[in-house]
Amino acid sequence: MKTFFSEDHRRHFPQAELSGGEFVTPFERPSRLEYVLSRLHERGLRDIVAPGAPDMEAIRALCAPDYLAFLETAWSEWKAAGMAGEIIAASFPARRMQTARPPRNIDGKVGYYALAAETAMTGGTWAAALSSAASAQAAQAHVAAGAKSAFALCRPPGHHATADMYGGYCFINNAALVADAFRRDGAQRVAVLDIDFHHGNGTQDIFYGRGDVFFASLHGAPEDAFPYFLGYADETGQGAGEGANANYPMPPGTAYDVWFGALDAALARIRDFGAEALVISLGTDAYKDDPISFFKLDSPDFLDAGVRIGKLGLPTVFCMEGGYAIEQVGINAVNVLEGFLDA
Ligand code: OKP
Ligand code: ZN
């Protein structure tokens, strides 16, 4: 399996994440990918290439134009307004406020386009987000050209980003770009399976009204876990998308004996849907020692999950999402890939 990876991810490294009322070094940090790269090498998956330039037309087809303009100019506007620190959202359009009109003031705009406050932006964030999207696009092109699978080693991750909001460490929804590209390349039906610990609210939102892309997510229940306001089991899609969304929320302490049942249920739905291509949002934060999550998967469980996914036999693109038990991120992510290849 070929890996697509851009060094430009390093251009996104804010110093601060708002966590528990204090600023901490972000959990989502560049060193995460070092562990994945070293594990890929260790396991002989050494075909690692840099993507070309991002396909901006496809990104513009996915995202709102005003949102993309915001991401591109946010840092210069923030600096021009005399802000001393990194970009952090503080004011949000909450219940019964105006949600259709972005303010002119950059502090207001940041809150308008953010879905949460933990995620800081800096001068390199836009370039890094584009490089992450480019890795996803290159992995998809590789599979569309006939490869059975590919790994997009994306950073920053993407599954919390909607067409018009950033947050949860995500700016551009890489998995959604891949799904849309498969559709454009001729797949009639595509599935996105999100095994990151957190609900893929962005991906769900993007495809909620569409019947051509099935979305399934296994995650910490919204009552207990970020992103808190989406991811319930009764969210099944709407309009043409009715029946094409499946959520598997699970409680604190969930281990593999329960988790794999949800995985098998999601895979059965994907098979029944008739998907011709598969996108995996590959987070490893369901791991037992993840510092911000509450599932109890062990490293061998990721290998088994990969086998189950591989048994679908679909052309598959893996997009890296979360995973913050840094030293195990590589083992767990590559375990999924190896299980898939051995299926
Ligand atoms: C992104 B991905 C830490 C709370 C963190 C945001 C989590 C974003 C997860 N005190 N809340 O899905 O792995
Ligand atoms: Zn996550």
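**Close-up 1. Spacing of the zinc donors along the sequence.** In this predicted model, the residues that donate to the zinc ion (ligand 2) follow the pattern D-x1-H-x86-D. Residues are numbered from 1 along each chain as written, and local features need pLDDT of at least 70, with side-chain atom pairs counted only at pLDDT 80 or more. Chains are lettered from A and ligands numbered from 1 in written order, while side-chain values use heavy atoms, leaving out hydrogens and water.

**Close-up 2. Around the zinc ion.** Let's look at who holds the metal: D196 (OD), D196 (OD), H198 (ND1) and D285 (OD) coordinate the zinc ion (ligand 2) at 1.9 to 2.7 Å. Donors are N, O and S atoms within 2.8 Å of the metal (3.2 Å for Na, K and Ca); water is not among the atoms, so sites may look incomplete. Both D196 and H198 are buried (under 20% relative accessible area, 1.4 Å probe, protein chains only).

**Close-up 3. Polar partners of ligand 1.** Here, a polar side-chain atom of S19 lies 2.7 Å from a nitrogen atom of ligand 1. Oxygen atoms of ligand 1 have partners too: a polar side-chain atom of D285 lies 2.9 Å from one oxygen atom, and a polar side-chain atom of D196 lies 3.0 Å from an oxygen atom. The protein covers 86% of the 410 Å² of accessible area that ligand 1 has on its own (Shrake-Rupley method, 1.4 Å probe).

Methods
Buried means under 20% relative accessible area, exposed over 50%, partly exposed in between (1.4 Å probe, protein chains only). A polar contact is a pair of N or O atoms within 3.5 Å; within protein, one must be able to donate a hydrogen and the other to accept it, and residues adjacent in sequence count only if both atoms are side-chain atoms.
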